[in-house]
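Hi,

Here is the structure I said I would pass on. Have a look at it first, and then read my notes below.

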Amino acid sequence: MKSERGFQHAGREQGLRERRDDSYRDVAKMPDPAACPVCHATYLKGRWTWLDAPAGAASHKCPACRRIEDDFPAGYVTLRGEFLPQHRGDIIGLVMARGESGKRDHPLQRIIAVKDVAQGLLVTTTDAHLASVIARAVHDAYKGELKLDYSKDENFLRATWSR
Ligand SMILES: [Zn+2]
């Protein structure tokens, strides 16, 4: 379980993280076709899919698996407030369902972890868009307050929902 301190630390290191982030998006040296040896996603004609890899595809770990391995999220969703403990199971169910459909449609959009933190729950994702989908889904279902802080290039999102 990641500590709250770790989460704060991530915020302070934001500039550094965004620079390092480039290494996950570098497609210039991507072999095509390629297959991820961890999740078996296939890189084909410039995009990651769940199609079967063609014969001769190179073995290359996908950016989502690398982020999971490094515990290096592109999205943080913090869920907090007094409403949360009473509805924790339903809210986690909704978060996981959004995570599953995100992953099904977009191989690089995955939940890394759902953790208990001092404020409530912290959901980390491999993709900023998935973090926004999850945060908006919780807000749509349970109302409350939602705050979305994107990085300038929108590749990183910190979302906070409270009720
Ligand atoms: Zn993978």
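**Helix α5 and what packs on it**

Let's start with helix α5, which covers residues 88–105: its 18 residues reach 26 Å from first C-alpha to last, close to the 26 Å expected at 1.5 Å a residue. Keep in mind throughout that this is a predicted model.

Which residues of α5 are buried? They are I91, V95, R98, G99, G102 and K103. Looking down the axis of α5, you find these buried residues within an arc of 130°, so they line one face of the helix. That fits the usual helix geometry: with 3.6 residues a turn, residues three or four places apart point the same way. The other side of α5 has G89, D90, G93, A97, E100, R104 and D105, and these are exposed.

The cover over the buried residues of α5 includes two helices, α4 (83–86) and α6 (128–142), along with strands β5 (75–80), β6 (111–117) and β7 (120–125).

**The five-stranded sheet**

Those three strands belong to an open sheet of 5 strands, ordered β6-β7-β5-β9-β8, and its pairing is mixed. At the edges stand β6 and β8 (145–150); each has a single partner strand, so one side of each is left without a neighbour in the sheet. From one strand to the next the twist averages 15°.

The β6 and β7 pair is a good place to zoom in. The two strands run antiparallel to each other, with 6 bridges between them, and a hairpin of 2 residues makes the connection from β6 to β7. If you want to check the register, V117 is opposite G120 in β7, and V114 has V123 of β7 as its bridge partner.

Helix α6 turns up again here: it lies across β5, β7, β8 and β9 (157–162), and runs at about 10° to β9.

**The smaller sheet**

There is also an open sheet of 4 strands, again with mixed pairing, in the order β3-β2-β1-β4. Its edge strands are β3 (47–49) and β4 (58–59), each of them pairing on one side only. Strand β2 (residues 42–44) pairs with β3 in the antiparallel sense, over 3 bridges, and there Y43 stands opposite W48 of β3.

For the overall count, the chain has 6 helices and 9 strands.

**Loops worth a click**

T126 sits in the loop between β7 and α6. Is T126 buried or exposed? It is buried, since 27 other C-beta atoms lie within 10 Å, and the cut-off for that is 20 or more. Leaving aside residues up to four places away in sequence, T126 touches A64, R67, I68, P73, A74, L108, Q109, R110 and I112. For one of these, Q109, the C-alpha atom is 5.8 Å from that of T126, although the two residues are 17 apart along the chain.

P33 is in the loop between α2 (14–25) and β1 (34–35). The peptide bond joining D32 and P33 is cis, with omega at about 5°. The C-alpha atom of P33 is separated by 8.3 Å from that of G46, 13 residues away along the chain. G46 itself lies in the loop between β2 and β3 and counts as exposed, because it has 8 C-beta neighbours inside 10 Å.

Two residues have a positive phi without being glycine. H40, in the loop between β1 and β2, has a phi of about 70°; with 13 C-beta neighbours inside 10 Å, it counts as partly exposed. E154, in the loop between β8 and β9, has a phi of about 65°; its 10 C-beta neighbours inside 10 Å make it exposed.

**How far to trust it, and the chain as a whole**

The mean pLDDT of the chain is 88, and 84% of its residues reach 70 or more. The stretch to be wary of is residues 1–16, where pLDDT stays under 50 and the model has 8 contacts beyond four places in sequence. Where pLDDT is low, the predicted coordinates should not be read in detail.

As for the chain overall, 31% of its 163 residues count as buried. Taking contacts between residues at least 6 apart in sequence, 59% join residues at least 24 apart.

Cheers

Definitions and conventions: Residues are numbered from 1 along each chain as its sequence is written. This is a predicted model: local features need pLDDT of at least 70, side-chain atom pairs count only at pLDDT 80 or more; totals for chains, interfaces and linings use all residues. pLDDT is the predictor's confidence in each residue, from 0 to 100. Two residues are in contact if their C-beta atoms, placed from the backbone, lie within 7 Å. Two strands pair if DSSP finds at least two bridges between them. A residue is buried if 20 or more other C-beta atoms lie within 10 Å of its own, exposed if 12 or fewer, and partly exposed in between; C-beta atoms are placed from the backbone. The expected span of a helix is 1.5 Å times one less than its number of residues. The arc is that of the directions from the helix axis to the C-beta atoms. Axes are lines fitted to C-alpha atoms, for helices over the stretch in contact, and angles run from 0 to 180 degrees between N-to-C directions.
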